[in-house]
Amino acid sequence: MKAMVYEKYGLPDVLRIEETEIPKPKDDEVLLAVHAASVNSWDWDLLRGKPYINRIGGLRKPRYRILGADVAGTVVAAGAAVTRYRPGDEVFGDLSGCGWGGFAEYVCARETALTPKPAGLSFEQAAAIPQAAVLALQGMRDIGRLDKGCRVLINGAGGGVGTFAIQYAKWLGAEVTGVDRGDKLDLLRDVGADHVLDYAREDFAANGPRYDLILDVVGNRSAVEVRRALRPGGAYVMVGGSLPRILQTLLAAKPAAWLEKKNLAVLVHKPKHEDQLVWSDLAEAGHVKPVIDRLYTLNDAPRALAYFGEGRVRGKVVIAIRSTPSF
């Protein structure tokens, strides 16, 4: 099979296309013919080996030769213990808990990592869902306790997590403010944001409205600033950001809870089939739609990673591996 591999940490120029053996599924795994895979910040971090926490299990060279966690494809074979799927089933899922390997024509995955693909979505659209959408759901539902009528702000709203978060919040009946670059504001309006802010022109933490929930995808604000922008009883959920910002948020969490009844939390990625199923149902019903910025072929996958690394992505970057894009 054809796969995009790398042997050392670095920028996209260390990636290469190579012919490798088709993997064999274990008893609890299926062999998947990958039709599409999407790029996430975790792929970018593992490629570079930065921050260094991403080198756990592979200090000097990558632990996984093939990146790619978010995939959509067709089951080719199933292990002896597999009960959910059989050959021919169309599925999507997050492989970050079972070895990665999605930037290839075939990959093995535990059946618990996969969810039936909605019939109304293309493989490319389905591949855009797993990590980004589940992070948005877990941050807003599980930590933020989002409900109808809540005032929500999403910092870094124009990427994968943000575009899913806006659509989910609006489906629940929240009032949503999206913050991002000026050239992404039209996109934020298109996916449902009630208010949009260009971070270069307006500071959401400076004497503006106060929010019930702040979902922070970029993690570029101090704990003092986000506390100031929260209403009493509100929640701040950090989805992405540097290690110093993460530590600062964790250190500020208890004082904020005691003194102001404000919940400051850092979201830990937990891939769950049940949460993927929530998005499958929402997408099938037409309540949400994955936003895809650019499509690449597997041969052009290094360009996909390079574009992602520029920080200008609107929604998701998807690699169409074995089919002509069909959405």
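This passage describes a parallel sheet, the aromatic pairs and the charge-over-ring contacts of a predicted model.

The strands of an open, six-stranded sheet follow the order 10-9-8-11-12-13 and pair in parallel. Because strand 10 (195-198) and strand 13 (263-266) lie at the edges and each has a single partner strand, one side of each remains without a neighbour in the sheet. On average, and with direction ignored, neighbouring strands of this sheet are turned by 15° against each other. Strand 9 (residues 175-180) runs parallel to strand 10 and is joined to it by four bridges, and Gly-178 has Val-196 in strand 10 as its bridge partner.

Five aromatic pairs were counted in the model. Among them, Trp-42 and Trp-100 are arranged edge-to-face, with 5.2 Å from centre to centre and 90° between the planes. This pair links distant parts of the chain, since Trp-42 belongs to helix 1 whereas Trp-100, 58 residues away, lies in the loop between strand 5 (90-94) and strand 6 (106-110). Trp-42 is partly exposed, at a relative accessible area of 29%, while Trp-100 is buried, at 3%. Phe-164 and Trp-279 form an edge-to-face pair with a centre-to-centre distance of 5.2 Å and an angle of 70° between the planes. Because Phe-164 lies in helix 4 (residues 160-172) and Trp-279 in helix 8 (residues 273-284), the pair ties together parts 115 residues apart in sequence. Both residues, Phe-164 and Trp-279, are buried, and ring pairs link them with Tyr-168 and Trp-171 into a cluster.

Charged side chains also lie over aromatic rings: the charged end of Arg-221 sits over the ring of Phe-204 at 5.0 Å from its centre, and Arg-322 lies over the face of Tyr-106, 4.7 Å from the ring centre.

How values were computed. Residues are numbered from 1 along each chain as its sequence is written. This is a predicted model: local features need pLDDT of at least 70, side-chain atom pairs count only at pLDDT 80 or more; totals for chains, interfaces and linings use all residues. Side-chain values use heavy atoms; hydrogens and water are left out. Two strands pair if DSSP finds at least two bridges between them. Helices (H or I, at least four residues) and strands (E, at least two) are DSSP runs, numbered from the N terminus. Axes are lines fitted to C-alpha atoms, for helices over the stretch in contact, and angles run from 0 to 180 degrees between N-to-C directions. Rings of Phe, Tyr and Trp (its six-membered ring) pair if their centres lie within 6.5 Å; planes under 30 degrees apart count as stacked, over 60 as edge-to-face and the rest as tilted. Buried means under 20% relative accessible area, exposed over 50%, partly exposed in between (1.4 Å probe, protein chains only). A charge sits over a ring if NZ of Lys or CZ of Arg is within 6 Å of the ring centre and within 35 degrees of the ring normal.
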